[in-house]
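Biologist: Let us go through some labels and test each one against its cut-off. Please keep the answers short.

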Amino acid sequence: MNNSRLFKKTLLAVTIATTSIASQQAMAAGFQLNAQSATGIGRAFAGDAVIADNASVMARNPAAMALFDKMELSLGFESITTMIDVKDAKYTTLAGTTPVDDIDDVGSTSIAPNIHLIVPVNDKFAWGVNAYSNFGTKTEFSDNYVANEYGGLTDVKSFNFGLAGSYRLNEQWSFGAGLDLIYGQGTMKRVAGQSFAIVGKAGESLLDVDKADGFAVGFNVGTVFELDENNRFGLSYRYSPEFEAKDDKGQKITLPLPDIAEFSGYHKIVDTKFAVHYSVQYIGWGSFDKIDFDNLQDSLLTGAYEKEYEWQDGWHYAIGGTYYLNNDWTLRAGYMYDTSAQDARTSISVPDSDRQWFSTGFTYHIDTASNIDFGFTYLLGDDVKVNESTSVDSPLPFGPSEINVSSVSATTRANAILVGLQYSRSF
């Protein structure tokens, strides 16, 4: 194998291993943007598919719109601040091993707005529209990061525009369904690290996809069962499609999004001001088998390739409590255990892990028709040992069939702070 072929194989392997960060950052379990409402943030989204204390419930379960007898509007925003540490890192190339400085500034703060409107038609039918974000995050390593093929810039976000309807069958059962129009945008940049010095390409661009965007269509269905006025259950399912995004240069990225199913319960204790609620959510990360890149330009790699994955399905287990203090104030808190989407494959740029959510919040009732919600969550991740490497076919006629061009090892941790503010009104 000549140097040109070795370079192409090296470039292909390293770029495949690193540019996939876009989808991982957007969709890893800890980076799923649970940002539909400030009330949800305040209780770790425990019971959110059935509580129905404002219009944002339609984002989790369209059947819950049947629980309203007046037009309801909710609008607000959530801020998501990720705090990502990479420590004890070592970068190894054919020239030897280089220690890498600890870093703690590759996270960022993003803002996710939302709006939800539910319109009852009569005592049987209701319809609603909403807009919010399901996935999104940003990480950026400095330009002089020594292992830049494992770092770089990733900026991914998606927006969900929904239309849904509900039907009340009887006093116990309600059903709902909706369509989702999903818009996504992503920027991915990678630069060859020191391992490319063997072919004279260190510091050159591996990938430069700038603001690739596109649309996809999904759907969601759900049901609510009301045992009585103080006890109810909700079940919902959301189908997420394969998504394609293209930038102005014609570079295309294709990736599957995960389906989501959720079961929730809500129980108000009789003759008290307290209610308990809970949720179990399944996220189908196991279907995320590969990401395809086509027609790449403005980089050392041209053509098309795909990256295989070994992801696992994710789960959220949440429990919370609500205390109806008086006519003016409602207090809430919650806890969630959130499992990682990654299993054997890990990355310094995708510090995914099992996480714990510690949440609290409140509602202030301005009057009988309007209120303001505030929610706060501290998301605590685990330390994860990461080992990444890139191997290519050996150019020598004798010797091993593959050589390890570069590798990086480190310990990563990803924490986050979520803050939500929301205004709701009934008409």
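Biologist: Why is Val-121 called exposed or buried?

Modeller: This is a predicted model, in which local features need pLDDT of at least 70, side-chain atom pairs count only at pLDDT 80 or more, and totals for chains, interfaces and linings use all residues. Residues are numbered from 1 along each chain as its sequence is written, and side-chain values use heavy atoms, with hydrogens and water left out. Buried means under 20% relative accessible area, exposed over 50%, partly exposed in between (1.4 Å probe, protein chains only). Val-121 has 54% relative accessibility, so Val-121 counts as exposed.

Biologist: Where is Val-121 found, and what does Val-121 touch?

Modeller: Val-121 is in the loop between β3 (109-120) and β4 (125-132). Strands here are DSSP runs (E, at least two residues), numbered from the N terminus. Not counting residues up to four places away in sequence, Val-121 touches Ala-126 and Trp-127. Contact means heavy atoms within 4.5 Å. Lys-70 is 51 residues apart from Val-121 in sequence and 9.2 Å apart in space, C-alpha to C-alpha.

Biologist: What makes Gln-422 buried or exposed?

Modeller: Gln-422 is at 2% relative accessibility, so the label is buried. Gln-422 sits in strand β21. Beyond its neighbours within four places in sequence, Gln-422 is in contact with several residues, including Gln-36, Asn-54, Asn-114 and Asp-373.

Biologist: What makes the pair of Gln-422 and Ser-424 a polar contact?

Modeller: The rule asks for N or O atoms within 3.5 Å; within protein, one must be able to donate a hydrogen and the other to accept it, and residues adjacent in sequence count only if both atoms are side-chain atoms. The side chains of Gln-422 and Ser-424 make their contact at 3.4 Å. That value meets the distance cut-off, so the label holds.

Biologist: How do you know that β10 and β11 pair?

Modeller: Two strands pair if DSSP finds at least two bridges between them. β10 (residues 242-246) and β11 have 5 bridges and run antiparallel, so they pair. Glu-242 stands opposite Pro-256 in β11. The hairpin has 5 residues between the strands, and Gly-250 there takes a positive phi near 85 degrees.

Biologist: What makes β11 mostly covered?

Modeller: β11 spans residues 252-256, and 4 of its 5 residues are buried.

Biologist: How do the residues of the lining of the largest pocket divide?

Modeller: They divide into 7 nonpolar, 12 polar and 10 charged. Ala, Val, Leu, Ile, Met, Phe, Trp, Tyr, Cys and Pro count as nonpolar, Asp, Glu, Lys and Arg as charged, and the others, Gly among them, as polar.

Key:
Helices (H or I, at least four residues) and strands (E, at least two) are DSSP runs, numbered from the N terminus.
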